[in-house]
Amino acid sequence: MSLPAEKKQSLTPSELSFIATSETVIEIVPNFSMGQIRLLSGIWGPFRPPSKSRVPLWLALDLKRRKRCSIVAPEWLTVDSLQERLKEETSNGRYADMPFRYLETAKAIIEVAGDDLDNAALIRSLLMDIRQARQTKSREGVIKMNDTGMAMTGISQLEINELRPFFVESFGVMRRLGGAHIPATLSQSQIPRSQFTLDEDGWDMS
């Protein structure tokens, strides 16, 4: 079954999640002993509690589901760090320094290993506030767009994915008009609705 044209311009939520869990490496504290294991992504281990081990996120999540490890929160996924990032997001026009796939990574960890985080509910709330602040910057950045491009340094993979259909269409229109500047007032209704949610009712990515 083919996807609608507008969907082909962006990755699906499940694809974004797959990429994040495949490419992100985090630390775990295993509760089992094992030597090194060889996977397509590399050689991982050894696993010797209580020492920490670095593994791909997908493997950490699988071990956590099977109660074979605890996940060590990345340095940026703590209350103190996120409060600093939120302060930075709301105090200047630049995007705060966040991992390229911070939302997908945070979502996966909180869903599976929320008990390994210090105050997971507050962490999720801070992520929602950061996301909202960054979305506001994205709308403001569109106004500066011209036919040669635009600079949005620090934007994440998910944010790029959400804005890509709008950018593709807008750049096409401006090029057909010979580079004329079109004031781009991007309202909430014009932004493609994200299928990646962080609301209080759940973390649905379907």
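**Exercise 1. Decide from its relative accessible area how Thr12 is classed, and locate Thr12 in the chain.**

Solution. With a relative accessible area of 24%, Thr12 is partly exposed, since a residue counts as buried under 20% and as exposed over 50%, with partly exposed in between (1.4 Å probe, protein chains only). The model is a predicted one, in which local features need pLDDT of at least 70 and side-chain atom pairs count only at pLDDT 80 or more, while totals for chains, interfaces and linings use all residues. Residues are numbered from 1 along each chain as its sequence is written, and side-chain values use heavy atoms, with hydrogens and water left out. Thr12 sits in the loop between α1 (5-8) and α2, where helices (H or I, at least four residues) and strands (E, at least two) are DSSP runs numbered from the N terminus. Although 146 residues separate Thr12 from Leu158 along the chain, their C-alpha atoms are 9.9 Å apart.

**Exercise 2. Describe the chain as a whole: its elements, its burial and its contacts.**

Solution. Begin with the elements, of which there are seven helices and five strands, running α-α-β-β-β-β-α-β-α-α-α-α from the N terminus on. Next take burial: of the 206 residues in the chain, 43% are buried. Then turn to contacts, meaning heavy atoms within 4.5 Å; among contacts with a separation of 6 or more, 65% are between residues 24 or more positions apart.

**Exercise 3. Find which residues of the largest nonpolar core touch the most other members, and which elements supply the core.**

Solution. A nonpolar core is a set of buried Ala, Val, Leu, Ile, Met, Phe, Trp, Tyr and Cys residues joined through side-chain atoms within 4.5 Å. The largest such core has 35 residues, and those touching the most other members are Ile28, Ile71, Leu77, Leu82, Ile123 and Leu127. At least two core residues come from each of β1 (25-30), α3 (57-65), β5 (69-72), α4 (79-91), α5 (102-113) and α6 (120-142), and α5 gives the largest share, eight residues. In soluble globular proteins, nonpolar side chains tend to be buried together. To see the surroundings of one core member, set aside the neighbours of Ile123 within four places in sequence; Ile123 is then in contact with Leu77, Thr78, Val79, Leu82, Ile110, Leu117 and Asp118.

**Exercise 4. Compare the burial of helices α4, α2 and α5.**

Solution. The buried residues of α4 are Val79, Ser81, Leu82, Arg85, Leu86 and Glu89. They lie on the same side of α4, because they cover an arc of only 160° around the axis, the arc being that of the directions from the helix axis to the C-beta atoms. Asp80, Glu84, Lys87 and Ser91, on the other side of α4, are exposed.

Helix α2 (residues 13-23) buries Pro13, Leu16, Ala20 and Thr21, and these cover an arc of only 125°, which puts them on the same side of α2. Ser14, Phe18 and Glu23 are exposed on the face of α2 turned away from its buried side.

In α5, 11 of the 12 residues are buried, so this helix is largely enclosed by the rest of the structure; the buried residues include Glu104 and Lys107.

**Exercise 5. Establish where Lys137, Glu162 and Ser156 lie, and what surrounds them.**

Solution. Lys137 belongs to helix α6 and is buried, at a relative accessible area of 9%. Apart from neighbours within four places in sequence, Lys137 is in contact with Glu88, Glu89, Asn92, Gly93, Arg94 and Tyr95. A polar atom of the Lys137 side chain lies 3.2 Å from the backbone oxygen of Asn92, and the C-alpha atoms of Lys137 and Tyr95, 42 residues apart along the chain, are separated by 7.8 Å.

Glu162 is part of helix α7 (residues 157-176) and is buried too, with a relative accessible area of 11%. Its side chain is joined to that of Arg131 by a polar contact of 2.6 Å, a polar contact being a pair of N or O atoms within 3.5 Å, of which, within protein, one must be able to donate a hydrogen and the other to accept it, with residues adjacent in sequence counting only if both atoms are side-chain atoms.

Ser156 is placed in the loop between α6 and α7 and counts as buried at 2% relative accessibility. Leaving out its neighbours within four places in sequence, Ser156 is in contact with Phe100, Tyr102 and Arg134.
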